[in-house]
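Hi,

Here is the structure I said I would pass on to you. Have a look at it first, and then read my notes underneath.

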Amino acid sequence: MGSSNVLDALRHGPVTVPTLRSMKAAGLRFVMATAYDAVFAHILDEGGVDVILVGDSLGMVIQGHETTLPVTVEEMLYHVKAVARALEKRRLQGQGGRPLLVADMPFLSYQTDIATAIRNAGRMLAEGGAQAVKIEGGEAFAQTVARLVEVGIPVMGHIGLTPQRVHAMGGFRVQGKSSEEAERIFMDARAIEQAGAFAIVLEGIPSSLAKRISQALSIPTIGIGAGPDCDGQVLVSHDFLGLLPGPSPRFVKRYAELYALGVEATRRFVHEVQNGLFPAEAHSYGGPSTQKEK
Ligand code: KIV
């Protein structure tokens with residue numbers, strides 16, 4: 001294959017775990033975004049994202065919790081299955097289904113012991129239909145990552161600001177601002193790469209540290225609040241689509257204002273029903289005409 005065909009295949013062919021490393025090697029930036037249901041799977045696939053993450057952020061975005069901590073394995077599976085079904089349908093209908101599907105491992109589903117981690121991660125693949133899992137944590141989780149990889153479960157790492165440690169961090173705070181902290185995060189990245197992770201999310205760290213890690217690792221880095229030098233970028237879809245009320249954090253760019261659009265459309269619907277304008281004839285079914293109408 002010529003080099004432009006290779007690039008074309010990487011950009012447009014199905015994304016597998018090895019694809020992301022090839023994209024890094026070819027200098028191609030890639031995109032990951034979150035989906036928690038079938039509608040978002042359709043939108044993101046059609047929009048061209050490379051990786052869909054069913055993030056435990058669904059605890060905050062969908063369930064309305066203040067943190068991701070209450071999310072359970074069963075709840076994750078429910079959402080992973082919904083996304084996987086939509087992607088499979090798109091594949092079968094020749095509409096796409098290109099993105100790699102990654103399932104987040106929720107709090108306490110992998111921290112207690114390795115057997116529990118394997119069982120829960122295995123369920124994300126076997127029952128959920130995901131192709132990989134993501135786990136938060138650095139050096140302390142290297143052994144867990146290595147065992148998961150050994151049994152055939154591809155792992156995406158996640159270091160820096162790790163939301164499952166929100167209380168230990170004293171809030172959702174940028175990590176790695178001091179040189180000691182930055183060094184620890186760098187060592188975490190190295191440990192997770194050596195354990196066999198195929199990619200690693202860098203969240204909430206200074207751009208300079210993310211750049212250093214991205215240059216040092218052979219596996220791709222995926223940044224969120226980690227500056228422009230990562231190999232890929234990830235955002236929560238409800239954030240970049242402007243679907244949530246209130247201001248967004250600094251690292252989010254809103255590419256649409258769907259919350260405002262939704263409110264406006266709802267107001268028009270309410271107004272039209274209240275004033276007898278909806279449903280019109282175009283939205284109504286005909287039946288046998290009465291004698292009088294004839
Ligand atoms: O849960 C999530 O959505 C995440 C991403 C923001 C990386 O972990």
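Below is what I found, going from the ligand to the pockets and then to two spots in the backbone.

One thing to keep in mind: this is a predicted model.

Let's start with the ligand. Which residues surround it? Walking along the chain, you meet Thr 34, Leu 53, Gly 55, Asp 56, Ser 57, Asp 104, Lys 134, His 158 and Ile 224. If you sort this shell by class, you get two nonpolar, four polar and three charged residues.

Some of these neighbours are worth zooming in on. An N or O atom in the side chain of Ser 57 lies 2.5 Å from an oxygen atom of the ligand. For the side chain of Asp 104, the matching distance from an N or O atom to a ligand oxygen is 3.0 Å, and for the side chain of Asp 56 it is 3.1 Å. How much of the ligand does the protein bury? On its own the ligand would expose 260 Å², and the protein buries 95% of that.

Now for the pockets. The ligand sits in the largest pocket, which has a volume of about 910 Å³. That pocket is lined by 39 residues, and the ones nearest its centre are Glu 203, Ile 224, Asp 239, Pro 249 and Phe 251. You have already met Ile 224, as it is also one of the residues around the ligand. Several elements supply at least two lining residues each: the strands β1 (30-34), β4 (132-136), β6 (199-203) and β8 (232-235), plus the helix α4 (58-61). By class, the lining has 21 nonpolar, 11 polar and seven charged residues.

The second largest pocket has a volume of about 410 Å³. It is lined by 20 residues, with Gly 137, Gly 138, Phe 141, Thr 162 and Arg 165 closest to its centre. Both β5 (155-160) and α9 (179-194) supply at least two residues of this lining. Which element gives the most? That would be β5, with three residues. The lining here splits into seven nonpolar, eight polar and five charged residues.

Last, the backbone. Most residues other than glycine have a negative phi, and most peptide bonds are trans. Two places here go the other way. Leu 108 is not a glycine, but its phi is positive, near 75°. You can find Leu 108 in the loop between β3 (100-104) and α6 (114-126). The other place is the peptide bond from Phe 278 to Pro 279, which is cis, with omega near 0°. To spot Pro 279, look in the segment after α12 (258-274).

Have fun exploring!

Terms used: Residues are numbered from 1 along each chain as its sequence is written. This is a predicted model: local features need pLDDT of at least 70, side-chain atom pairs count only at pLDDT 80 or more; totals for chains, interfaces and linings use all residues. Side-chain values use heavy atoms; hydrogens and water are left out. A residue is near a molecule or strand if one of its heavy atoms lies within 4 Å of it. A polar contact is a pair of N or O atoms within 3.5 Å; within protein, one must be able to donate a hydrogen and the other to accept it, and residues adjacent in sequence count only if both atoms are side-chain atoms. Accessible areas come from the Shrake-Rupley method with a 1.4 Å probe; for residues, only the protein chains shown count as cover. On a 1 Å grid over the protein atoms alone, a cavity is a set of points where a 1.4 Å probe fits but cannot get out, and a pocket is an open set with protein on both sides within 12 Å along at least five of seven lines; lining residues have an atom within 4 Å of a point. A molecule sits in a cavity or pocket if more than half of its atoms lie within 2 Å of its grid points. Ala, Val, Leu, Ile, Met, Phe, Trp, Tyr, Cys and Pro count as nonpolar, Asp, Glu, Lys and Arg as charged, and the others, Gly among them, as polar. Grid points are joined across faces, edges and corners, and a volume is the space filled by probe spheres set on the points. Helices (H or I, at least four residues) and strands (E, at least two) are DSSP runs, numbered from the N terminus.
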